[in-house]
Amino acid sequence: MSNDSPIWADEQVDWYVQNWGEHPLFSELPHLLNLPCQADIIDLGCASGGLIAALCGYLQQGQLTGIDPSPRMLEYAKARALAPNPKVTVAWRLGQAEHLPCADQSADWILALSSVQHWQDVHQGLRECQRVLRPGGYLLLVEDIWQELEMPEGVTPPADADEPALLPWPVLEQALEQVFTHAYRRWRHQGQGYAMHFTLIQREPNHV
Ligand SMILES: C[S@@+](CC[C@H](N)C(=O)[O-])C[C@H]1O[C@@H](n2cnc3c(N)ncnc32)[C@H](O)[C@@H]1O
């Protein structure tokens with residue numbers, strides 16, 4: 001895929017939605033992170049909205065915002081029949097990590113699943129996440145470990161799949177340390193048929 005534009009070609013979007021539009025991690029994630037039931041949450045690189053749909057069944061109060069640079073992805077997302085709690089609002093926004101269409105300090109959580117390796121400017125994306133997070137808010141970055149992925153039947157990995165160097169950890173590590181002052185936690189999550197790296201960063205809480 002080209003690194004010049006964040007917008008995926010239509011065929012790539014259709015392929016992705018067909019094969020990865022649903023993932024067991026979406027419904028597992030709120031419990032894995034022990035997410036609060038009242039929060040304003042952004043899904044950054046939301047694709048066709050599978051995680052937002054799962055969060056609709058979990059969140060009791062707050063705002064869910066799905067952001068993706070691909071209009072076609074958002075068409076798929078908007079076509080979902082969602083049934084959020086009455087105190088939960090859902091918004092879809094066209095945008096990308098490097099220029100988040102969100103106000104300063106407006107989110108408690110930013111979840112970026114299999115997304116950071118597609119950002120064109122990781123530093124700028126992290127700076128934007130820091131701007132949009134409330135003090136004490138959390139950013140979760142999840143990266144696929146391709147070598148341990150069970151591909152759906154008849155599907156071969158995309159051309160860049162065997163290049164974990166798409167975003168080598170030292171590059172992300174350096175960017176994280178330059179943008180966030182707080183320590184982060186990184187661990188390997190083993191799911192059924194997949195494994196992923198999780199990196200959880202907290203924005204520094206306000207000092208009194
Ligand atoms: C591999 S998909 C992951 C989608 C979804 N989060 C999931 O876990 O299935 C990557 C997504 O990131 C989006 N994307 C590409 N460049 C981006 C950027 N600069 N900022 C945010 N999202 C981006 C793509 O349009 C795509 O929907």
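**Exercise 1. Find which atom of the ligand meets the side chain of Glu-98, and how far apart the two are.**

Solution. Start at the ligand: one of its nitrogen atoms sits 3.1 Å from an N or O atom in the Glu-98 side chain. Keep in mind as you look around that this is a predicted model.

Next, check the other polar partners. A ligand oxygen is 2.6 Å from an N or O atom in the side chain of Asp-68. On the backbone side, a polar atom of Leu-113 lies 2.8 Å from a ligand nitrogen. With the protein in place, 96% of the 590 Å² of accessible area that the ligand has on its own is covered.

Finish with the surroundings. There are 17 residues around the ligand, and Tyr-16, Gly-45, Asp-68, Ala-97 and Leu-113 come nearest. Sorted by class, that shell has 10 nonpolar, five polar and two charged residues.

**Exercise 2. Work out what the side chain of Glu-98 contacts within the protein, and whether Glu-98 has a salt bridge or none.**

Solution. First, place the residue: Glu-98 belongs to the loop between strand S3 (88–94) and strand S4 (107–113).

Second, look for opposite charges. Side chains of opposite charge can pair when their charged atoms come close. For Glu-98, the nearest candidate is Arg-127, and that side chain is 10 Å away. A salt bridge needs the nitrogen and the carboxyl oxygen within 4 Å. Glu-98 is buried and has no salt bridge.

Third, list the polar contacts. The Glu-98 side chain touches the side chain of Gln-96 at 2.9 Å, and it also reaches the backbone nitrogen of Asp-121 at 3.0 Å.

**Exercise 3. Follow three salt bridges and say which parts of the chain each one links.**

Solution. The structure holds eight salt bridges, so let's just take a few of them.

Step one: Arg-131 pairs with Asp-104, their closest N and O atoms being 2.7 Å apart. Arg-131 is in helix H5 (residues 122–132) and Asp-104 in the loop between S3 and S4, 27 residues apart, so distant parts of the chain are linked. As for exposure, Arg-131 is partly exposed at 25%, while Asp-104 counts as exposed at 51%.

Step two: Arg-134 forms a salt bridge with Asp-108, at 3.1 Å between the closest N and O atoms. This pair connects strand S5, home of Arg-134, with strand S4, where you'll find Asp-108; they are 26 residues apart. Both ends are partly exposed: Arg-134 has 26% relative accessibility and Asp-108 has 24%.

Step three: Glu-143 and Arg-186 meet at 2.9 Å, N to O. Because Glu-143 lies in strand S5 and Arg-186 in strand S6 (residues 184–191), the pair ties together parts 43 residues apart in sequence. Glu-143 is buried at 9%, whereas Arg-186 is partly exposed at 26%.

One more for the notebook: Asp-10, Asp-14 and Arg-72 are linked in a network of salt bridges.

**Exercise 4. Decide whether Ile-52 and Tyr-138 are buried or partly exposed.**

Solution. Buried means under 20% relative accessible area. Ile-52, in helix H3 (residues 50–56), has 0%, so Ile-52 is buried. Its C-alpha atom is 6.8 Å from that of Gly-66, 14 residues apart along the chain.

Now turn to strand S5 (residues 133–144), which holds Tyr-138. Its value is 26%, so Tyr-138 is partly exposed. The C-alpha atoms of Tyr-138 and Ala-107 are separated by 8.7 Å, with their positions 31 residues apart along the chain.

Note on methods. Residues numbered from 1 in each chain as written. Predicted model: local features only at pLDDT ≥ 70, side-chain atom pairs only at ≥ 80, totals over all residues. Heavy atoms only, no water. Near = heavy atom within 4 Å. Polar contact = N/O pair within 3.5 Å; in protein donor to acceptor, adjacent residues only side chain to side chain. Areas by Shrake-Rupley, 256 points an atom, 1.4 Å probe, with all protein chains shown as cover. Nonpolar A, V, L, I, M, F, W, Y, C, P; charged D, E, K, R; others polar. Helix = DSSP H or I, 4+ residues; strand = E, 2+ residues; numbered from the N terminus. Buried < 20%, exposed > 50% of the residue type's maximum accessible area, 1.4 Å probe, protein only. Lys, Arg positive; Asp, Glu negative; His and termini not counted.
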